[in-house]
Amino acid sequence: MGTILVKNIHTLVTMDTARREIKQGALFIRDGVIEAVGTLSDMPQQTADEVLDLSNHIVLPGLVNTHHHMYQSLTRVLAQDNELFDWLVILYPIWSRLTGEMVYVSAKLAMAELILSGCTTSSDHLYIFPNDVTLDDEIRAAQETGIRFHAARGSMSLGESKGGLPPDSVVEEEDAILQDTRRVIEQYHDANRHAMLRIVVAPCSPFSVTRDLMREAADLARSYGVSLHTHLAENDKDITFSQEVFGMRPGDYAQDVGWVGDDVWHAHCVKLNHDDIQLFGHTGTGVCHCPNSNMRLASGIAPVRAMLDAHVKVGLGVDGSASNDHGNLINEARQAMLLQRVNGNPAALTAREALEMATLGGASVLGRDDIGALAPGMSADFIAYRLDQIAFAGAQHDPVAALLFCHPSHVDISVINGRVVVRDGVLQTVDLPLLVEKHNRLSQTLIDGD
């Protein structure tokens with residue numbers, strides 16, 4: 001893979017243990033791993049295979065997206081004025097027409113959008129498998145796009161006829177779910193440090209799978225040492241369902257079925273109460289905060305400040321592109337910062353805290369100690385924004401905070417695993433105009449039902 005010297009960095013945001021922000025910073029990368037961090041004088045005295053001069057850039061660790069449904073980029077701006085459950089009821093029949101090609105193309109487009117926004121590692125929660133759809137479809141997209149990827153093998157088994165929310169046409173038999181989950185773990189999961197691909201066990205939600213599947217999925221995941229992920233406590237109806245069906249709140253239900261611990265993270269958690277938050281903090285259970293989706297579906301404001309104060313691991317997610325309608329992760333960090341301030345405290349979440357959630361927080365939620373910071377021995381995943389673009393005008397005195405307050409639109413450079421994936425603002429691994437055209441054709445076919 002060779003060596004890269006990154007020099008003269010205007011501002012280098014390391015997110016290391018000292019949270020250093022280095023002026024005139026430098027990085028030296030060898031075979032996809034960071035070897036040195038500091039200034040140019042701290043770098044190895046050797047000629048690098050590639051030199052990047054970033055004197056007009058701010059550099060930070062690649063952002064980590066911990067929750068998404070990439071196939072939903074095909075069904076944006078539908079059910080525009082519905083809350084979660086009604087929104088799902090409208091969209092389930094459309095998604096039942098998904099094909100493997102649609103999942104592959106939509107994942108590739110979603111990954112491209114994420115990378116251009118600053119994301120270098122993403123999880124995706126694929127929980128619907130109609131027709132010829134398999135998890136392999138989006139794994140292929142990740143390998144071609146160059147993103148570091150955690151593929152979550154989701155599932156739904158509790159159809160309407162059994163008291164669940166999804167129609168019976170989109171659920172699977174539980175034995176088949178567990179069998180295919182085992183297959184993809186054995187075929188694809190890479191437990192090694194700096195892995196580009198890992199598998200996650202991810203039954204969809206309490207209202208779409210049985211208690212038995214939750215328990216068996218947890219046992220399966222732990223037998224292989226892989227992580228667990230699901231939706232939890234997203235809105236008031238979610239709470240009501242849990243109390244009526246299980247006789248307990250979602251936090252207690254998660255504990256009852258073995259879904260707490262440092263190998264588990266839950267999406268949304270908008271309606272966690274004090275006891276739930278303390279449970280997650282004590283057990284090391286992670287949370288993915290999805291502020292744009294929570295606002296779009298009127299789910300509420302997740303108690304992120306209380307979670308952080310209780311030492312809960314919190315990362316960020318763009319969530320599905322049909323409940324958010326974009327996949328811009330730096331914007332998600334901005335919205336997380338602003339949303340915590342709405343209730344009256346203008347310092348409830350600082351820009352640097354939100355950036356930490358988007359980097360180190362996401363890495364911790366995914367169970368990784370090799371991404372999220374720029375330090376020797378870490379994976380060479382970093383992004384760079386030009387400081388001479390209009391978004392930074394008037395904010396040169398604090399470009400770190402300006403990343404969120406002023407919201408630059410796209411990265412100029414993205415390096416993933418030591419590979420330049422975005423150069424001069426152009427994604428190198430995808431023919432974007434061709435991909436967008438194909439995606440739009442498939443989207444129209446899916447929505448029209450042809």
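**Figure 1. Radius of gyration and overall dimensions of the protein chain.** In this predicted model, the protein chain has a radius of gyration of 21 Å, which agrees with the value near 22 Å for a compact globule of 450 residues. The C-alpha trace spans about 65 × 45 × 40 Å along its principal axes. Along the protein chain there are 14 helices and 17 strands.

**Figure 2. Burial and contacts in the protein chain.** Of the 450 residues, 62% are buried. Contacts between residues at least 6 apart in sequence were also examined, and 74% of these join residues at least 24 apart.

**Figure 3. Surface and charges of the protein chain.** The exposed area is about 15,900 Å², and carbon and sulfur atoms supply 49% of it. The protein chain carries 58 negative and 34 positive side chains. The centres of these two sets lie 4 Å apart.

**Figure 4. Strand β1 and its surroundings.** Strand β1 covers residues 3-13. Because 8 of its 11 residues are buried, β1 is largely enclosed by the rest of the structure. Pairing partners of β1 include β2, β4 and β5. In a regular strand, side chains alternate between the two faces of the sheet.

**Figure 5. Antiparallel pairing of β1 with β2.** Strand β2 is formed by residues 21-30. The two strands run antiparallel and are joined by 8 bridges. One of the residues to locate in this view is Thr3, whose bridge partner in β2 is Arg30.

**Figure 6. Parallel pairing of β1 with β4 and with β5.** Strand β4 (residues 50-53) pairs with β1 in the parallel sense over 4 bridges. Within this pairing, Lys7 has Asp53 of β4 as its bridge partner. Strand β5 (residues 57-61) also pairs with β1 in the parallel sense, over 2 bridges. Here Leu12 stands opposite Val59 of β5.

**Figure 7. Asp175 in helix α4.** Helix α4 consists of residues 174-188 and contains Asp175. The relative accessible area of Asp175 is 64%, so this residue counts as exposed, the cut-off being over 50%. A second residue, Leu349, serves as the reference for a distance from Asp175. Asp175 and Leu349 are 174 residues apart in sequence, and their C-alpha atoms are 44 Å apart in space.

How values were computed. Residues are numbered from 1 along each chain as its sequence is written. This is a predicted model: local features need pLDDT of at least 70, side-chain atom pairs count only at pLDDT 80 or more; totals for chains, interfaces and linings use all residues. Side-chain values use heavy atoms; hydrogens and water are left out. The radius of gyration is taken over C-alpha atoms; the globule rule is 2.2 Å times the number of residues to the power 0.38. Buried means under 20% relative accessible area, exposed over 50%, partly exposed in between (1.4 Å probe, protein chains only). Contact means heavy atoms within 4.5 Å. Accessible areas come from the Shrake-Rupley method with a 1.4 Å probe; for residues, only the protein chains shown count as cover. Lys and Arg count as positive and Asp and Glu as negative; His and the chain ends are not counted. The place of a charge is taken as NZ of Lys, CZ of Arg, CG of Asp or CD of Glu. Two strands pair if DSSP finds at least two bridges between them.
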